[in-house]
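Me: Can you walk me through the ligand site in this one? I'd like the contacts and then the domains.

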Amino acid sequence: MSAVGTLYVVATPIGNLQDITLRALEILKSAHIVAAEDTRNTSHLLGHFGISARLMALHEHNEQLAAPKVIAALQAGKTVALVSDAGTPGVSDPGSLLVRTVRAAGLPVVPLPGPSAVVCALSAAGLDAPHFLFYGFLPSRPASRRKALAALQALPYTLAFYEAPHRIVETVDDLLAVLGGAREIVLARELTKVFESIHGCKLADAPAWLAGDPNRQRGEFVLLVAGAPPAEKEEIGAEAQRILSLLLAELPLKQAVKLAAEISGEKKNALYDLALQLK
Ligand code: SAM
């Protein structure tokens, strides 16, 4: 049996075509088939780099039907490159189902890293937070959107959303309504393009900023919102601290905490945290 082909998952630019990687160009040039979300868009991209490739359509409405064709091509030893309209396939874009099917068939899948709007926005946002949660697109219906936001409200991670221009105003209004005005938001618009802008402010000020100039509502957006602030630590009274220290010197931790809570009336959880620090 001849060697099987590889499915390459190829990230492409999110605006500036110079952001294509050398490796992406090499694979797009040599692939037998380029599976593209929109073949017209991808022909423009390939044309710009002087690449002529055999294109097949692979989008959210035909991914299931197209997957067996890709598998057949790979089994026949062909190389297939998967691209989406912009950025990384499978990230708020089609591709995951194909990748899953190919992997399940035991065929090789190789990722070619490159642009993705969320990482691009994070890199220039300057939010001083070690973790983020990538949500992608919120639901388009207001009630579902608010419900989705309510489920994220308590998370202490930067929240990253994608949004389209026709919904940016209502989405920012809902972010404010559900998450409150005190958090920082960064609106990263048209990244890598001519009218790129990255604006940071308090959520309370974001609706007025958007309303301040219609151009600020145009284009593609990544919205980054600071996570929930850490819950205030409960203060433990000096007397309760003294009791806990005395008991800890004589008893195992759990027993000391239990007794200290009974004697002082302070919450067990708070005393337990303190006991861990004192030990
Ligand atoms: N797969 C892409 C990626 O890896 O980023 C995302 C594709 S998703 C269908 C398109 C959304 O990504 C846009 O609505 C916008 O929220 C975000 N996006 C894409 N390009 C962008 C850009 N140049 N600037 C800001 N956001 C962008």
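Reply: Here is a short run through the ligand site and the domains. This is a predicted model, where local features need pLDDT of at least 70, side-chain atom pairs count only at pLDDT 80 or more, and totals for chains, interfaces and linings use all residues. Residues are numbered from 1 along each chain as its sequence is written, and side-chain values use heavy atoms, with hydrogens and water left out.

Me: OK, which residues come nearest to the ligand?

Reply: Asp93, Ser116, Ala117, Tyr162 and Phe221, out of 19 residues around the ligand. "Around" here takes a heavy atom within 4 Å.

Me: What lies 2.7 Å from an oxygen atom of the ligand?

Reply: A polar side-chain atom of tyrosine 162. Glutamate 163 also faces a ligand oxygen atom, with a backbone N or O atom at 3.1 Å. For a ligand nitrogen atom, there's a polar side-chain atom of glutamate 220 at 3.4 Å. Polar contacts here are pairs of N or O atoms within 3.5 Å.

Me: And how much of the ligand does the protein bury?

Reply: 92% of the 570 Å² that the ligand exposes when taken alone. Those areas are Shrake-Rupley values with a 1.4 Å probe.

Me: Switching to domains: how is the chain divided?

Reply: Into domain 1 (7-114), domain 2 (118-225) and domain 3 (238-278), with bounds from an automatic or database domain assignment.

Me: Which domains give the shell at least three residues each?

Reply: Domain 1 and domain 2.

Me: How far apart are domain 2 and domain 3?

Reply: Their C-alpha centres lie 44 Å apart.

Conventions
Polar contact = N/O pair within 3.5 Å; in protein donor to acceptor, adjacent residues only side chain to side chain.
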